[in-house]
Amino acid sequence: MQDLLNIADKKISNRLFIGTGKFPNKPTIKDVLESTNIEVVTVALRRVDLTSKGDNILDYIPKNCLIMPNTSGARNAEEAVRIARLAQAAGLGSWIKIEVINDNKYLLPDNLETLKATEILANEGFMVLPYMNPDLALAKRLVKAGAKAIMPFGSPIGSNRGLKTEELVKIMVSEINLPIIVDAGLGKPSDASRCMELGCSAVLVNTAIATANDPINMAKAFSLAVKAGRLSFLNGTSIETEYAKASSPLTGFLRDDN
Amino acid sequence: MEVKINGKSQNISEDITLSELIAQKGLNFQRIVIEHNLKIIKKEDLAQVKIKEKDNIEIVSFLGGGRCRIC
């Protein structure tokens with residue numbers, strides 16, 4: 001049976017989501033998305049540069065991809081709601097990744113403003129996926145507010161430091177009855193694999209792929225790692241023990257004291 | 001007349017509509033969203049909205065991933 005991730009009204013088979021910032025050029029984004037069969041991508045909304053006639057990111061995203069705009073740049077709930085409504089008006093559907101950040105050093109999300117924005121937008125019919133600081137009580141409130149998945153960070157955006165929030169993410173997986181998607185900070189495929197082994201439903205990766213020497217190969221590596229971690233989770237994690245347990249029979253050795 | 005477009009004051013010709021402004025700027029209707037004095041204008045309504053002196057117009061579109069600032 002196919003292992004599908006259900007979020008809102010969608011069934012997703014590829015649990016590696018990709019952010020489209022920082023790539024060396026737009027054709028590389030297309031190559032990465034196509035070669036790894038990515039199904040969910042994030043894009044940002046911003047002012048059009050009236051002085052240059054660049055082509056549009058949407059021309060490089062395969063038609064079968066679900067585009068999830070984010071509200072990056074928003075410093076409070078009001079700004080996030082404004083960006084979300086503009087994104088919806090662009091006609092790409094109603095999925096929105098809420099991102100409210102007012103800390104420029106670590107780019108950590110403001111959970112309270114995120115909750116406010118989630119309440120407003122979920123009420124308006126948006127499929128809201130909030131990016132958040134992994135706090136269980138807040139996550140429960142986001143569920144109540146109508147979020148469709150919860151996106152805790154692994155470590156600060158773009159830091160490549162991996163799953164520093166592991167203990168908190170584990171609690172979220174155990175206690176929150178919505179998909180948990182680790183977003184931000186995953187620097188190595190093994191980080192992504194670890195998230196999936198813990199039972200996270202998906203991961204969102206941008207910097208580690210976009211800034212890799214070979215983004216296409218790095219995306220493949222992440223994709224394999226996500227699949228491996230997922231299979232391991234479905235299989236059930238092996239039990240850890242303090243001492244060794246021999247794998248080979250402890251009889252019939254080629255020695256005299258046998 | 002003077003209006004604000006994407007946060008910058010600009011002089012544009014009198015008595016034009018939003019769709020005329022977009023055409024003058026050489027932008028593709030399909031790829032942008034217009035906010036006129038904080039109100040989102042549907043594509044089909046752009047030709048009906050006349051721009052007035054001191055109006056605030058935001059023209060936005062999508063781009064790759066990361067951080068942005070429109071507010």
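**Reading salt bridges**

Author: B:Lys54 counts as exposed, at 60% relative accessibility. This is a predicted model.

Reader: What makes a residue exposed or buried?

Author: The relative accessible area decides: buried is under 20%, exposed is over 50%, and partly exposed lies in between. B:Glu2, at 33%, is therefore partly exposed.

Reader: Which residue does the side chain of B:Lys54 meet in a salt bridge?

Author: The general test is a side-chain nitrogen of Lys or Arg within 4 Å of a carboxyl oxygen of Asp or Glu. For B:Lys54 the partner is B:Glu2, with 3.9 Å from N to O. The pair links distant parts of the chain, 52 residues apart: B:Glu2 is in strand 1 of chain B, and B:Lys54 is in the loop between strand 4 and strand 5.

Reader: Which salt-bridge pair lies in helix 5 of chain A?

Author: A:Lys170 and A:Glu167 do, 3 residues apart, about one turn of the helix. Their side chains meet at 3.6 Å, N to O. A:Lys170 is partly exposed at 34%, and A:Glu167 is exposed at 53%.

Reader: How many salt bridges are there over all chains?

Author: The search of the whole structure finds 14. One of them joins the side chains of A:Asp3 and A:Arg15 at 3.0 Å, N to O. A:Asp3 precedes strand 1 of chain A and A:Arg15 sits in the loop between strand 2 and strand 3, so the pair ties together parts 12 residues apart in sequence.

Reader: Is A:Arg15 buried or exposed?

Author: A:Arg15 is buried, at 5%, whereas A:Asp3 is partly exposed, at 28%. Both belong to a network of salt bridges with A:Arg230.

Conventions: Residues are numbered from 1 along each chain as its sequence is written. Chains are lettered from A and ligands numbered from 1 in the order in which they are written. This is a predicted model: local features need pLDDT of at least 70, side-chain atom pairs count only at pLDDT 80 or more; totals for chains, interfaces and linings use all residues. Side-chain values use heavy atoms; hydrogens and water are left out. Helices (H or I, at least four residues) and strands (E, at least two) are DSSP runs, numbered from the N terminus. Buried means under 20% relative accessible area, exposed over 50%, partly exposed in between (1.4 Å probe, protein chains only).
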